Every structure is written in C-alpha cells, then in structure tokens.
Amino acid sequence: MRSTLTCMGIIIGIAAVIAMMEIGKGSSTKIANTMAMMGADNILVLPGTAQNGGISQGIGSVVTLHPQDCDAILRECSAVRRIAPLVKARVQLIYGNRNCNPGNMNGSTPDYCDIHNWPIADGEMFTDADVRSGNRVCVIGRTVVHELFEDSNPVGKFVRLNSVSFRVVGVLKTKGANIMGWDQDDVLIAPWTTIKFRINNQGSSGGAAAANSSVAQASQVNSISGLYPAASAALYPSVSNIQLADTPQTIRFANIDQILIAADSPQRVHLAMYQIRQLLRDRHRLTAGQPDDFNVRDLAEFADAMQTMNKTMTGLLLSVALISLLVGGVGIMNIMLVSVTERTREIGLRMAVGARSKDILRQFLIEAIILCVLGGIAGIALGRLTSVLVRKFMHWPTEVSIAAIVASVIVSASVGILFGFYPAWKASRLDPIEALRYE
C-alpha cells in the first residue's frame, strides 16, 4: 500500500504530462490551421520594378510574370503545395438597378480558394475547364451578395462587368475582416483568362487598333492604275469591335499580375521562397550580376506569431512536466529512505552472509527504478484516458503524442535512478555489525 501511494506522485505527474502534451499538440495543430487560413503559409510573387533615370517606378511597372512560370513552379519546387495566377481588375459590378465596386476583383484558378482555405457556401467553384475556355462565370463573397442581391440566393443569376455578362456559380463562405481590417467578403473571383481577355481588353495582339486599321484599309480605293498602291485589297471581311469583344483571341505569351503560392507548411515557407527565386531567375535568364526582375514576399508576421505561440506552449508544458516529475521523484526518495531505515537488520544480515556493497546498492536502485517505471506506465494509461475524456466531453482538440509516451517511460526510469541512488548508496554504506544490532 505504501509503495502504491508512493507511486501516485509519478502516476499523477506522468498523467498530467501526457494529457497536457496531447491537448497542447491538438491546440497547436488547430492554431496552425487557423494561422494557415489567415495566410501563414502563403507566398506572393510580384512583377519587377522599372527604373527611369535612376528612379524606381514601383512594383509591377515591368511585365515579367507569365502563366508558364506557374506551371514550372508547381512542377519543380518541392516545397510548394498549390499555386494560382492572379489578374486584377477594377470595374463596376451591376445587377438589375443595383451596382457596386468590389474591393477585390481577382481573376484566378480554382486553387485560389484552396490556398486561402476558403470553402464554397452555396453553389460550386468554377473549374479548370472554365479557365481554359475563358468562360464567363464567377463566385462572389457575402458582402457582394448583400449589396447586389439583398441576401437572396444569387447562384445561377447573371451580373455584368464592363457590359459582359457573368453567371454566378457559387458564393464563398463568410470570412469577415482580416487583421488589417479589410473586408475579405467584398470579393469577386472569376477565371483569370476571362478577366484578362474580356474585362481588361487584352485579347489579340492587335486588339481594337488592328480592327480599326483593317476597316480603314478596306475603305481605301485600290486603284489598278497605280504601279505601287499604298494599300492592298482586303480579301476577307474585317472583324468588328463587337466581334472582338465576344470572341477575343488570346495572345501566345500572356502576362499575369501576381502569383499566389501556398507552401507545404508554414515551417517550409523560406525553403519554398528560395526554390521559387532560383527557378524564376533561371527561367528569366538572369545572370549572376543581374538583380531579380520579380519580388517574392511572404507573410512573415503570421509565421512569427505562430512560432511565438508554439514556443510559449512548449515552455509551459515543459514547466508542468518538470514540476510534476520533481514532486514524484521526491516521493520516491522519501519512501526509499524509509525502506532503508526499516530494513537495516535485513541489510546487515545480507552483508554478514557475503553480500557486497554494490549488491546492496543494485538491490535498492532496481527497486526504485521498478517503482518509477510501473508508476510511469500507469500514468501513461491515466493520461490517455484523461485526453480521451477531455476530447469527448469538453470538445477540446487533442492529438496522440507518441514521442511524449516514449519520453515518459525514459523519464520515469531516469527519475528512479536519480532519486533512488542516494537511498541505495546509504544502504550500501551501512556497517554490518551495527546493522545486526539494530532493533
């Protein structure tokens, strides 16, 4: 009974460590997921900066990013999980007699929502086929729904951007404001090909100017009397501006405004940034002495906040573990000292029949280790049970920590050696004559 009560210190200490480690690990995972939703694993690649007379014109003043860069990054950078091109637009959104100007009007791919951990609440996301075909479809945020549709279901309805009709195929789940205070729900997302070639009017390389030139040439008289006529006869009908807007011809090397990237984890963001930089420098044929014609940015503030929280959680758990095991170790030392005192006559008798000091030392040291290891095993079982009950009844996130279980067994044995050595050493130093005279 006394040994069992002595082990309670180790049992409670190990159980507390296991339970707190599993609860802490589950909480850390949930915090990491929350931070990832805020963009802790996101990387943004921006185009380069033009120089005019030694004066920087600002980021994005040079066209340097292309959709092919996205394919290469996803294919060759091992630390990259998802990637999405971005094309920005700023036009009025109209439905019936209501209109608004969304704070964010992005052309991208279906991976945009996956990178931002942004599920669809109603309807569905547009597909990669819509991106390849430049279909006029879009998904919108809750703020746009409120302003244009007065909170009615907009899925299947049509809105207009620059006189181009877009069918609403989905509504994004409410996100609220970000840490900067910007409304994340005030957004429209459409295929980047549609935004670029239909809304931003960057279709065929000639564009409207080419059409106007064709019309002008067709209106000129082709005189056969001229030896060298200034204009040739138009053999085919010219394409009008309306036809160009309805069926824009994509250019071969289209540029994009930004590239949005998600790393495998917040811890691998810096590795992903290094891989992206090396790949883009190679693709853009930049020599060793040339500066980057692009900018790679990460959300370091989010990552630093997450690391700080993880460090604080780890320090708290270690403190609890040390205090719990210290209390349990003191209890083991106490019971072993009492055991040495009560068994003095037994120690003297063993020494009288030939036992040496190291035999006595080994005996009491093994007893202390066995008590601690048995207490550690019972503590692991109790800690696991506590973790399961907390998850079931309090609905806190928990996660099994194999490392904590293995460490608990090792620590239990170490506590037995550390706190059992002095009582065992004291027993081995007893004088056999005095021990036999005891009691």
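# Briefing on a predicted protein model

The structure holds 13 salt bridges. It is a predicted model, and its protein chain contains 14 helices and 14 strands. Of the 439 residues in the chain, 39% count as buried. The points below cover the chain as a whole, then the salt bridges, the strands, two helices and two buried residues.

**The chain as a whole**

- The protein chain exposes about 24,000 Å², and carbon and sulfur atoms supply 58% of that area.
- Among contacts between residues at least 6 apart in sequence, 76% join residues at least 24 apart.

**Salt bridges**

- Side chains of opposite charge can pair when their charged atoms come close.
- One such pair is R283 with D69, whose closest N and O atoms are 2.7 Å apart. R283 lies in helix 9 and D69 in helix 2, so this salt bridge ties together parts that are 214 residues apart in sequence.
- D69 counts as buried because its relative accessibility is 2%, under the 20% cut-off. R283 is partly exposed, with a relative accessible area of 31%.
- D114 and R82 also meet through their side chains in a salt bridge, at 3.2 Å from N to O. This pair links distant parts of the chain, with D114 in helix 3 and R82 in strand 4, 32 residues apart.
- D114 is partly exposed at a relative accessible area of 30%, and R82 is partly exposed at 33%.
- A network of salt bridges links R81, R82, D111 and D114.
- A further salt bridge joins the side chains of E76 and R75, at 3.6 Å from N to O. R75 counts as exposed, with 58% relative accessibility.

**Strand pairing**

- Strand 4 (residues 80-88) runs antiparallel to strand 13 (residues 258-263), and 6 bridges join the two. Within this pairing, R82 stands opposite A262 of strand 13.
- Strand 4 is also joined to strand 7 by 2 bridges, again in the antiparallel sense. Here K88 stands opposite N106 of strand 7.
- Strand 9 (residues 137-140) is joined to strand 11 by 4 bridges, and these two strands run parallel. The bridge partner of V139 in strand 11 is G170.
- Strand 9 pairs with strand 12 (residues 187-191) in the antiparallel sense over 2 bridges. The bridge partner of V139 in strand 12 is I189.
- In a regular strand the side chains alternate between the two faces of the sheet. Both faces of strand 9 are covered, with V137 and V139 buried on one side and C138 and I140 buried on the other.

**Helix 9**

- Helix 9 (residues 269-283) has 15 residues, which should span 21 Å at 1.5 Å a residue. Its end C-alpha atoms are 21 Å apart, in agreement with that value.
- The buried residues of helix 9 are V269, A272, M273, Q275, I276, L279, L280 and R281.
- Those buried residues pack against strand 1 (42-47), helix 2 (67-76), strand 4, strand 13 and strand 14 (294-298).
- After helix 9 comes R285, which has a positive phi near 55°.

**Helix 12 and a nonpolar surface patch**

- Helix 12 has 38 residues and reaches 54 Å from its first C-alpha to its last. That is close to the 56 Å expected at 1.5 Å a residue.
- M394 is placed in helix 12 (residues 357-394), and its relative accessible area of 45% makes M394 partly exposed.
- M394 also helps to make a nonpolar surface patch of about 600 Å², together with L382, L385, L389, F393 and W396.
- Helix 12 is followed by H395, which has a positive phi near 60°.

**Two buried residues**

- T109 lies in the loop between strand 7 (104-108) and helix 3 (111-115). With 11% relative accessibility, T109 counts as buried.
- Leaving aside residues up to four places away in sequence, T109 touches I83, A84, P85, M125, F126, V131 and W192.
- V164 belongs to strand 11 (residues 164-172) and counts as buried at 13% relative accessibility.
- With residues up to four places away in sequence again left out, V164 touches R136, V159, R198 and I199.
- R136 is 28 residues from V164 along the chain, and the C-alpha atoms of these two residues are separated by 8.0 Å.

Note on methods. Residues are numbered from 1 along each chain as its sequence is written. This is a predicted model: local features need pLDDT of at least 70, side-chain atom pairs count only at pLDDT 80 or more; totals for chains, interfaces and linings use all residues. Side-chain values use heavy atoms; hydrogens and water are left out. Patches are made of residues with over 30% relative accessible area and no salt bridge: like charges are joined within 9 Å, nonpolar side chains (Val, Leu, Ile, Met, Phe, Trp, Tyr) within 5 Å. Accessible areas come from the Shrake-Rupley method with a 1.4 Å probe; for residues, only the protein chains shown count as cover. A salt bridge is a side-chain nitrogen of Lys or Arg within 4 Å of a carboxyl oxygen of Asp or Glu. Buried means under 20% relative accessible area, exposed over 50%, partly exposed in between (1.4 Å probe, protein chains only). The expected span of a helix is 1.5 Å times one less than its number of residues. Contact means heavy atoms within 4.5 Å. Two strands pair if DSSP finds at least two bridges between them.
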